[in-house]
Structure formats: structure tokens, C-alpha cells
Amino acid sequence: MTLPRIVIERCQHLARCTKEPDAITRPFASEAMRCAHDSVGEWMREAGMDVRRDNIGNLRGRFEGAGETTLMLGSHLDSVRDAGKYDGPLGVIVAIAAVQRLHDAGKRLPFAIDVLAFADEEGLRFGSTYLGSRAIAGTFDLADLDRTDAGGITMREAIRAFGGDPDRIDDDRWHGGPLLGYLEVHIEQGPTLEARGLPVGVVSGISGQNRYELDFKGQAGHAGTVPMDRRRDALVAASQFVLEVEAQARSHERLVATVGHLAVQPGATNVIPGEVTLSLDVRHADDAELHTASRKLLEIARQTAKDRAIALKIKQVSESSTVPCAPRLVSTLSAAVQDAGHPVVQLASGAGHDAVAMSALTDIGMLFVRCKGGISHNPAESVTTEDVAVAINVLSRCLELLAQQ
Ligand SMILES: [Zn+2]
């Protein structure tokens, strides 16, 4: 079997490691994750790596090199609920494939390669993201250990049950000397590569995102007796705002804005909505544009509320800036794409990745692989063997180019 075909089969194999029998659901520190580790660990060893699991639950494979420095490759093995086969695992398995090639050829590079299979990127079990990569980057928040899952189990207990020591998360931090950077292969999760007919793309940076919670407070009342001109309907104000969010995002290039959650109080058929709480998620690859757009959207919310005599409270949930990929790694990956015989396209990532957390530790670079229909976080996720072959070739070529630098 060819290496790209093996990669696809391995992604399919990992789909059997799941908490829910008819879906792919692989939470942090679960039996499903243990199942994934059994296979991935074996594949890492076959590729000539020493394998260990750290305290947070990352699986770490090391392929020694001739020099002092280390290049990190990786992605995550956890998933969302009812996930696809490729978001996360593809990056881990393509990295192992690139190392397998070196191992088969009896080659050592001037640097070691650490393949990192991160414990939790999606935050399904504890609602906190990048647990594995933050532990390695040294930015893990120890307060997270007290978080509980839906069954009331604390993260501390979950880590212990999985075989890690929650009191020694700090030991997971990178201590292995100078780093060349961190490279991650990931499905695009968007339609750009497919639309352009390209197998892979080089990521320029990961878009910043601002999240807010907005609370529109009007007055609840009887749906039959309060005349229309006397109402202060919080849902009508919120709805007007939702439409305006869409209109603003559609009229600004590369801006995306989403109201994904909306809670209506009291939420009864015969009561005028008195209060609506909604979420607002705003993303743009340019920080200045992101902040301008966010300010404008919040101003529109204030004006909409004011016009309808509705009280508005705005809470900032999170604000994160764009994380640029390192120019050195962007240009090396671009050269590798070109050497593999494909046009180079650079694109920003609208989704967050472990690379965001790793940027606190070292330079980051990412390669996106075309996925069918741009679909992700869905069982319909699909990649082709041909595109996987390109991804392996590009990553292998990138390692050669880095070895020459
Ligand atoms: Zn992912």
C-alpha cells in the first residue's frame, strides 16, 4: 500500500476510537483517546520514534537528529461531538508519514523531529481549548484543573485516571533546547482551495477573533393585551441586530460575524419577549479591521436598542489578535509547494488551531489540505488520497529545505 493510502486508512482506523458507537466523538482523557494512543503510538514507533505520554495526555514521538535543535510537527487527536475523520488526526498522521520516509531511507536530519499528538484542541469535555499545546508552550492555566465535565468529574481527576499527574503539568513544558519551529498540517475547513482547484495552501496567519455577550432588556407583557405601539420587545430588537450583523459582514471583505446563540426570556408563546441574551463572534485576519468592525457592530447594537427603548448590556467574552505565521516558515512551505509542482496560494485561517498556543513558544507555520465542500466538524469531512500525497510530499520537501538552511 502507498504511504498516502496508509494515511487515509489510519484516519479511518482512528474513527473506531470513539465514545459514541455510531459517531466519532473522542473527548480529552477518555477511553476513546486511549484507543487512539494505542494505534498512534505504534505508528510512531514503526517510524523510528521514541514515544511517551506526558501529564496532560499528549502523545509525543521523537525522531532524533544530528544536531541540538528540534522541529515540532503535530495536530490534535481529540474531536468535537459527531466529528469527521480528518480534523486533527490528519496532521498527526501526515507528520508520522514524513518521519516514516526519513526512517525508511535511513536518513537523519541536522535537527530532531518531535511529533506532537495533542490531547485537547476542541474543548469538548471541559469547555477549554488548547489544553495539550498550552501545557507544552508553558501557558497552561492551572485553574483549569478545577473545571468539571458534564458528569461532575474534575479535570484533575480525569488527568489522573488517564495516567497523568495533574500536579506536574509544568513538567510537560518544552525543556528540550532550541526550537526550529512548529509546523501543522490541517484540513482547510473552508472552500477556498476547492474553489481554486488546489490541493494545498500555505497559511499566512490565524485570524483574530472577538467574542461578546449582548443582553437586550425590554419588558415582558401579555401577547393579547399590550398594543403593538406600547411594546418594548427585546427579541424584535435582537432580531434587527442579527440581520445587521449579517449585512455588515457581507459588505466587508474577509470579515465574518456570527450570532450563534440566542436565549429568549421568558420564552413563552403568549408572552412578549422581555429579555434576549445573544452571542456575537467577529473574525478578521487584520487586527485593525477586526477592531473597527467590532466597534461598529457594538455601536449598531446600542443604537438599535436605544431606538426601541431597550436596555443593553455588553460583556466582552474574549478578544484575541491575529497570530501571524513566521515569514521564514511561510516562505519555506511555499517553496516546498512550488517544488512539488503546484501553484502557491496563501490564505488566512478563520478557525483557531494548536498553532495559536504554540506561537507562545516558537515560530509557527501551517499547511492546509483541501477538503470536500469545505466541510468540517461533520461526519461528511473528506479528503482525497491524491491531496494527502501532495501534503506528505510538501512536508517532506519542507524538512529537506529546512535541513539546508
Ligand atoms: Zn482541528
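This passage describes the overall fold, the zinc site, the nonpolar cores and one exposed loop residue of a predicted model.

The protein chain contains 11 helices and 16 strands. Its C-alpha atoms occupy a box of roughly 80 × 45 × 40 Å along the principal axes. For 405 residues, a compact globule would be expected to have a radius of gyration near 22 Å, and the value for the protein chain, 23 Å, agrees with this. Of the 405 residues, 51% are buried. Among contacts with a separation of 6 or more, 77% are between residues 24 or more positions apart. The exposed area of the protein chain is about 17600 Å², of which 48% is supplied by carbon and sulfur atoms.

A zinc ion is coordinated by NE2 of His-76, OD of Asp-87 and NE2 of His-186, at 2.0 to 2.2 Å. Along the chain, these donors follow the spacing H-x10-D-x98-H. His-76 belongs to strand β3 (residues 70-76) and His-186 to strand β5 (residues 179-187), so the two histidines tie together parts of the chain that are 110 residues apart in sequence. Both His-76 and His-186 are buried.

The largest nonpolar core comprises 92 residues. Within this core, the residues with the most contacts are Phe-28, Val-40, Leu-90, Ile-96, Ile-113 and Leu-183. When neighbours within four places in sequence are left aside, Ile-113 is in contact with Gly-61, Arg-62, Phe-63, Leu-71, Leu-73, Val-99, Leu-102 and Leu-399. Another core, of 23 residues, lies apart from the largest one and includes Ala-238, Ala-249, Val-282 and Leu-298. In soluble globular proteins, nonpolar side chains tend to be buried together.

Glu-253 is located in the loop between α7 (234-251) and β9 (256-258). The relative accessible area of Glu-253 is 72%; the cut-off for an exposed residue is over 50%, so Glu-253 is classed as exposed. With respect to the zinc ligand Asp-87, Glu-253 is 166 residues away in sequence and 26 Å away in space, C-alpha to C-alpha.

Methods:
Residues are numbered from 1 along each chain as its sequence is written. This is a predicted model: local features need pLDDT of at least 70, side-chain atom pairs count only at pLDDT 80 or more; totals for chains, interfaces and linings use all residues. Side-chain values use heavy atoms; hydrogens and water are left out. Donors are N, O and S atoms within 2.8 Å of the metal (3.2 Å for Na, K and Ca); water is not among the atoms, so sites may look incomplete. Helices (H or I, at least four residues) and strands (E, at least two) are DSSP runs, numbered from the N terminus. Buried means under 20% relative accessible area, exposed over 50%, partly exposed in between (1.4 Å probe, protein chains only). A nonpolar core is a set of buried Ala, Val, Leu, Ile, Met, Phe, Trp, Tyr and Cys residues joined through side-chain atoms within 4.5 Å. Contact means heavy atoms within 4.5 Å. The radius of gyration is taken over C-alpha atoms; the globule rule is 2.2 Å times the number of residues to the power 0.38. Accessible areas come from the Shrake-Rupley method with a 1.4 Å probe; for residues, only the protein chains shown count as cover.
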